Amino acid sequence: MDVLKIFGQFMNLSMIMENIEVMMEEKKTVEMLFDDLKKSHAEEIDEETMEIIIAEMILSMLF
Amino acid sequence: MYSLKKELYTQRLNRFNLAFKRQIPDRVPILFMSEMWPVHHCGLSSSDVLKNPLLYFEAFEKTFSEIYVDGLYSLGNLWIESLFEAFNNTGSYVLTDGIVNYEERNSYYMDVSDYDSLIKDPLKFMLNEFFPKKFEILSYGDSRSAHALNEAFEAYHDHRQKSIHLFKQTENVLGIPVLARTIASFGPDILQEFFRGFQGVITDINRYPELFLEASRVLTSCITEMKMKIYNTPEDGHCVMIPLHLGTYLKPKDFETFYLPFLIQVLEIYTRADYTVCLFLENDWTPYLDYFEAFPKGKIFGIFEYGNLYEIKKRVGDYLCIGGGMPISQLAYGTEAQCIDTAKRVIDECAPGGGFIFTTDKLMLSLEDGRFENIRAVHEFVHDYGKY
């Protein structure tokens with residue numbers, strides 16, 4: 001029983017820690033998130049193609 | 001491309017291209033307008049096809065080995081379900097009974113007070129204000145949002161690769177041109193469809209006309225610029241598809257002020273850059289035909305949903321190539337003989353002088369929108385009877 005209690009407290013603590021981590025993150029606009037996305041794919045997709053794909057994706061998100 | 005299919009493809013493309021230029025091709029081109037009809041005809045699941053657009057090819061291969069066509073309106077898969085799944089939201093569409101249906105929801109996410117921000121920078125407004133309201137997960141601005149955006153990107157990228165492959169397969173293996181290279185829109189229709197909803201734009205036109213006009217102006221420029229970046233090389237026989245929605249629901253005076261200038265503006269931008277524009281004229285445009293005189297000279301193709309096509313061609317055939325004529329209600333409920341009679345009358349009245357493309361008055365969405373036997377018989381008849 002004690003083991004379960006300790007495990008439960010640990011789980012709660014870890015969830016709280018995760019939430020704190022998320023809360024401490026810099027809040028980004030969608031524009032900034034798209035910039036990060038472009039950077040993270042810079043090695044696989046050339047800049048011009050990426051710009052086209054992002055433009056298409058933004059317009060598709062309007063639907 | 002196999003040489004026979006390549007020859008067929010070239011012949012078909014030339015047929016459309018001459019018609020777009022309001023010239024006379026070797027025969028009247030037959031355009032097939034549908035979304036899920038071939039999918040249902042081949043017993044495939046709409047849901048599976050939306051997840052994997054490559055499955056369309058199976059449907060196209062079977063359907064068009066049985067039914068003659070010169071070209072397809074589009075590939076029929078505009079709404080990308082997997083992209084929206086990543087955001088836990090279906091957008092403005094939902095798949096019901098095997099058909100992708102529009103549900104007006106966008107008006108929930110923009111109100112009149114947002115106009116200033118939209119006018120100031122439409123792209124920034126879309127990204128930083130509109131999307132976080134539409135997709136809650138993007139409003140957090142943290143790793144959850146980044147994760148969702150990345151998943152959506154992967155889904156979009158995968159869908160895009162498959163769609164490009166499907167285009168190539170349809171054109172190269174089946175020899176069937178897919179006319180629409182991209183679907184575009186302009187200010188008033190964008191505001192109605194994506195931002196304010198029908199009730200919203202009608203209210204805005206009456207209460208905040210200056211805001212509506214300015215927003216229409218900036219949106220027309222912004223979206224057209226994005227579209228021309230995406231589809232950056234005009235090609236003969238292919239077009240930018242623009243469905244027209246709001247126009248005919250406005251009274252003539254409002255049409256002149258709040259719709260026509262933007263329609264003319266977008267037509268001028270595309271035709272000046274040598275694009276062919278295909279307008280899908282939803283509803284009855286008969287009362288508005290006099291305005292077509294202001295259309296720029298260029299390759300414009302108009303598909304008419306309602307109205308007397310013979311009268312339409314007589315009145316505006318000098319300004320654009322005319323398309324339509326075959327009511328899907330007759331393909332669904334008429335006999336073969338009745339359908340062929342209609343097709344014969346349409347060809348007799350509209351084909352002389354060229355600048356005409358035979359097609360249905362509406363998109364065929366479900367299997368009930370047209371009986372296979374009727375469609376096959378009509379297309380065979382037009383292919384033969386429509387020779388110039």
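In this predicted model, B:Thr182 stands opposite B:Val240, a residue of strand 6 of chain B. Strand 5 and strand 6 (residues 239-244) of chain B run parallel and are joined by three bridges. In general, the strands of a sheet pair through backbone hydrogen bonds, in either a parallel or an antiparallel manner.

The wider setting is an open sheet of six strands in chain B, which has the order 5-6-7-8-9-10 and parallel pairing. Strand 5 (180-183) and strand 10 (356-360) of chain B are the edge strands, since each of them pairs on one side only. On average, and with direction ignored, neighbouring strands of this sheet are turned by 30° against each other. Helix 14 (residues 309-316) of chain B packs on the sheet, where this helix touches strand 8 (300-304), strand 9 (321-326) and strand 10 of chain B, and its direction makes about 175° with that of strand 9 of chain B.

Chain B also meets chain A, in a contact that takes 29 residues from chain B and 22 residues from chain A. On the side of chain B that touches chain A, helix 7 (122-134), helix 9 (143-172) and helix 11 (209-230) of chain B each supply at least two residues, and the largest share, nine residues, comes from helix 9 of chain B. The table sets out two groups of residues by class.

| Group of residues | Nonpolar | Polar | Charged |
|---|---|---|---|
| Side of chain B that touches chain A | 17 residues | eight residues | four residues |
| Contact of helix 2 of chain A with helix 9 of chain B | five residues | two residues | one residue |

Two packed helices are described by the angle between their axes and by the distance between the axes. The axes of helix 2 (residues 30-40) of chain A and helix 9 of chain B come within 10 Å and cross at roughly 55°, and the two helices are therefore oblique to each other. Their crossing is right-handed. In this contact, A:Leu33, A:Asp36 and A:Leu37 of helix 2 of chain A meet B:Ser145, B:Ala146, B:Leu149, B:Asn150 and B:Phe153 of helix 9 of chain B.

A last residue to consider is B:Gln23, whose place is in the loop between helix 1 (3-20) and strand 1 (31-32) of chain B. Is B:Gln23 buried or exposed? B:Gln23 is exposed, because 12 other C-beta atoms lie within 10 Å, and a residue counts as exposed if that number is 12 or fewer. When residues up to four places away in sequence are not counted, B:Gln23 touches B:Leu18 and B:Gly354. The C-alpha atoms of B:Gln23 and B:Phe356 are separated by 8.7 Å, although these residues are 333 residues apart along the chain.

Definitions and conventions. Residues numbered from 1 in each chain as written. Chains lettered and ligands numbered in written order. Predicted model: local features only at pLDDT ≥ 70, side-chain atom pairs only at ≥ 80, totals over all residues. Helix = DSSP H or I, 4+ residues; strand = E, 2+ residues; numbered from the N terminus. Buried ≥ 20, exposed ≤ 12 C-beta atoms within 10 Å, placed from the backbone. Contact = placed C-beta atoms within 7 Å. Nonpolar A, V, L, I, M, F, W, Y, C, P; charged D, E, K, R; others polar. Pairing = 2+ DSSP bridges. Axes fitted to C-alpha atoms, helices over the stretch in contact; angles between N-to-C directions. Parallel < 35°, antiparallel > 145°, perpendicular 65-115°, else oblique. Left-handed = near helix turned anticlockwise from the far one by under 90°.
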